[in-house]
Amino acid sequence: MKKVLFFVVSLFIFSFQVLQVSASEISFSGGVINQKDEVLFAVDTSVPAQIPYRTLFKKNLNDGQIEQLTFFPEQMELLSGGTVLQIRNRFGTVRYDSVLKQFTTIKAFPAFSSGYAPNHGALEKSAASPDGRWIVTLSPVSPSRGRLILSDASGTNSFELSSSAGRGTLPVSWSPDSSVLIYEDSGSLYYARPDSLFSNSELPANFRIIGEGSVDSVSWYGSSRFLYASGDSVYRVHVPELFTYSLYRPLISVGDLAGKLPAAFNPREDKFCASPDGNSALFVSGSRCIYFFPLYGDDYSAGNGSVPCLLLPGNTAEVFPFWAENGKPAVFARTVDAGESVMKGWILSGTSGSGVFIPVVVPSETKQVVLSPDGNYAAFIGDSGVSVYSVSSWTEVASYVSNAVSAVWIDGNSLYIGGTGTVSRWNFKTGASEIVTISSVNGYGWDEQGVLPVAFVSANPDSSQTSGRFRCTGGMKWELASGSRAGAPVSTNSRYRLYLDSFGGVYKNMLFVRSIHGSGGTSPIVATGNNGAEGVLQESGLKGANPPSVALVFDAVEESDGLPLILSALNDYGIKATFFINGEFIRRHPEAVCDIVEAGHQTASMFFTSWNLSDPGFKIDADFIKRGLARNEDDFHNATGSELSLFWHAPYYVLSPEIAEGGNLAGYEYINADIFVPDWVTAEMSGNLPGLYKGADFIIEDIMRDIKPGDVIPVRIGKNMDGTRSDYLYGRIRVLLNALTEAGYSVVTVNELL
């Protein structure tokens, strides 16, 4: 690793170079000390699928207290009717009260300043109640599962909602009035009232069940009403009715029939979105078909009439349904073109009976879209900043140039924009903006008096975001300090000396404090106990080692289901992988094959047919294998203009002396899977293959239990058309990538592994 050090330029301790740290790495920058025995130090964070950033801390060596001074917006939420902004990252969580202009640390989340070691993987999602009183978090217990915890904001009281929730998602939905939350546990939906839970007056969980489904089966409208999809029916539910339903569940069904869906709702793949008045809905079926339909209740004789439908392209990875002004539906989708994420959008034009979805302009490089509370404006967040569009005319009305990471609407006029340098409040109608706090620093030091922290923050040259020197005035507040100078960087005073040295486990290196008075002694700047990511690295046996490599290989057999999810995840993680492509896949999905090639992934052969070559009904010899590989080469070249690499495996990883000989004669090297991954086993096969039918999360657990450096791990693309599964491993690919990252592995192509 290249250590990031600070050099003295004139009298400043600022580094003007771009933050450079290697992938999946948390390391310390040099520290500076003043005469009050206070140390300023920074932690550089670079993890996959996350922009690198540098967090500034202050430690008082006399009392051991650590204060986090900057907050990178890995997650932002708006609470308490828009008056409170919550900013969260892997080091801690704060809330900014825009009325009082004050910051408060939220103790319900683990914090670096309290001795918690940050993890190397994705930040687990959280969900605060809209009023900010309650927080639901997921505490990891394994590579794919975690405990779902409800707590108050102070962290004083907590309640376990689920002992085994899937990581990478947060199966919780809050009512707009914060009185009730709906959560998923083991495929069923439950409701809970926080006030009752913590007063010990809540009913047991078996009396609080709503029915089968996931949180995607629920969509709120109004303050205490929601729609619930089950099968092909949608039910209208009023929160006060839940208690009665819970007591008399054997006798009555939940809610009133609101309408019928065009198809049965799949809680693992589908979602729907209620209109603000609850009288219509958007139904997203399998990330492909979008239906707008009014809710008429019983349609036995009348029917709902014509239902506008939008068929999304097959390269769609994610779908985001919205309701714009005057209850008009809008749909945005993230597609994967040549391996790159592209946001596209459509709005419904005309009435429900005769309307059609028409495409709308979406700014290039858009990463996310957020609609204003009144539905009149859409904010598009991308690498170059934020663009605000009027929904009525679908034209840009304002732009904010910055390195934007995220944004949340405050009201119909203003947004909080989380950037790589600062978090700001921007009124797009007046153009006024103000800095709320600093998110990441390029350099730091004490002021000339050695009292106040000073930091340098950079932004794009053409940015609306202010760049320059800032001074911390206390309480996590910063102000421009362009007229002041920083003192000379000092790593020693009459009592202590600071120095960097190598380290293992969670941190790549460590800032050490050496006492040079009294009895002496040396200690790290922070506690290094076994918690958080430290435990993951120790259990993997990789602590202190250079990142070992494994190869994730993706088998494209016949169907393309899941390919957009895979390409999107690999793009976000900056990973190039190996795809073994079958001739049947090439013939069915030539454009998908081109996408794989254009994304820069390694492509290898899986023969020209998807037959099981161990079937006794076929006579296999070396010449047949050689000719079959040659045909696959030609089909691939005709589709892409590129060549397959000289690695291959037969469908289902079948191998025999004849198969091996044919591959050798064709110049290929056979690749075997090192870990058995039964993501192709269907429920119908479970009788003949006992114990092999497992959900995706359990498959991930098995992979992480058995994995060792140098392994080849296969992941199947597409559904098995000969049976059914509750889920597929490709649908949890981000969880698998995150598990590998947390365990200290680097994912490479097959040729890099050998």
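Select strand β39 (residues 453–457): this strand is mostly covered, with 5 of its 5 residues buried, where buried means under 20% relative accessible area, exposed over 50% and partly exposed in between (1.4 Å probe, protein chains only). Strands here (E, at least two residues) and helices (H or I, at least four residues) are DSSP runs numbered from the N terminus. The structure is a predicted model, in which local features need pLDDT of at least 70, side-chain atom pairs count only at pLDDT 80 or more, and totals for chains, interfaces and linings use all residues. Residues are numbered from 1 along each chain as its sequence is written, and side-chain values use heavy atoms, with hydrogens and water left out.

**Stop 1: β39 and its partners**

Display the side chains of β39. P453, A455 and V457 lie on one side and V454 and F456 on the other; all are buried, and both faces of the strand are thus covered.

Next, add strand β38 (residues 443–446), which is joined to β39 by 4 bridges and runs antiparallel to it; two strands pair if DSSP finds at least two bridges between them. W446 is the residue opposite P453 of β39. Follow the chain through the hairpin of β38 and β39, where 6 residues lie between the strands and G450 in the turn has a positive phi of about 70°.

Then select strand β40 (residues 468–474). β39 and β40 run antiparallel and are joined by 4 bridges, and the bridge partner of V454 in β40 is R471.

**Stop 2: the sheet β34-β35-β36-β37**

Select the 4 strands of the open sheet, whose order is β34-β35-β36-β37 and whose pairing is antiparallel. At the edges stand β34 (404–409) and β37 (433–438); each has a single partner strand, so one side of each is left without a neighbour in the sheet. Direction ignored, neighbouring strands of this sheet are turned by 20° against each other on average.

Within this sheet, focus on β35 (residues 414–419) and β36 (residues 422–427), an antiparallel pair joined by 5 bridges. G418 has V423 of β36 as its bridge partner.

**Stop 3: β42, β43 and β44**

Move to strand β43 (residues 509–515). Of its 7 residues, 6 are buried, and the strand is mostly covered. Strand β42 (residues 496–502) runs antiparallel to β43 and is joined to it by 7 bridges; Y499 has F512 of β43 as its bridge partner. In the hairpin of these two strands, with 6 residues between them, select G505, which takes a positive phi near 80°.

Now add strand β44 (residues 521–524), which is antiparallel to β43 and joined to it by 4 bridges. S515 stands opposite G521 of β44. This hairpin of β43 and β44 has 5 residues between the strands, and G518 in its turn has a positive phi of about 65°.

**Stop 4: helix α4 against helix α10**

Select helix α4 (residues 563–573) together with helix α10 (residues 733–742). The two pack at an angle of about 30°, with their axes 9 Å apart; axes are lines fitted to C-alpha atoms, for helices over the stretch in contact, and angles run from 0 to 180 degrees between N-to-C directions. α4 and α10 are therefore roughly parallel to each other, since angles under 35 degrees count as roughly parallel, over 145 as roughly antiparallel, 65 to 115 as roughly perpendicular and the rest as oblique.

To display the contact (heavy atoms within 4.5 Å), show L565, I566, S568, A569, L570, D572 and Y573 of α4 with I733, R734, L737, N738 and T741 of α10.

**Stop 5: helix α6**

Select helix α6 (residues 590–598) and show A592, V593, C594, D595 and I596, which are buried. For the surroundings, add β27 (329–337), α4, β46 (578–581), α5 (583–588), β47 (602–605) and α7 (622–640), against which the buried residues of α6 pack. Just after α6, select G600, which takes a positive phi of about 90°.

**Stop 6: helix α7 against helix α8**

Finally, keep α7 and add helix α8 (residues 657–665). α7 and α8 pack at an angle of about 50°, with their axes 7 Å apart, and that makes α7 oblique to α8. Show A622, I625, K626 and L629 of α7 with E658, I659, E661, G662, G663 and L665 of α8, the residues that make the contact.
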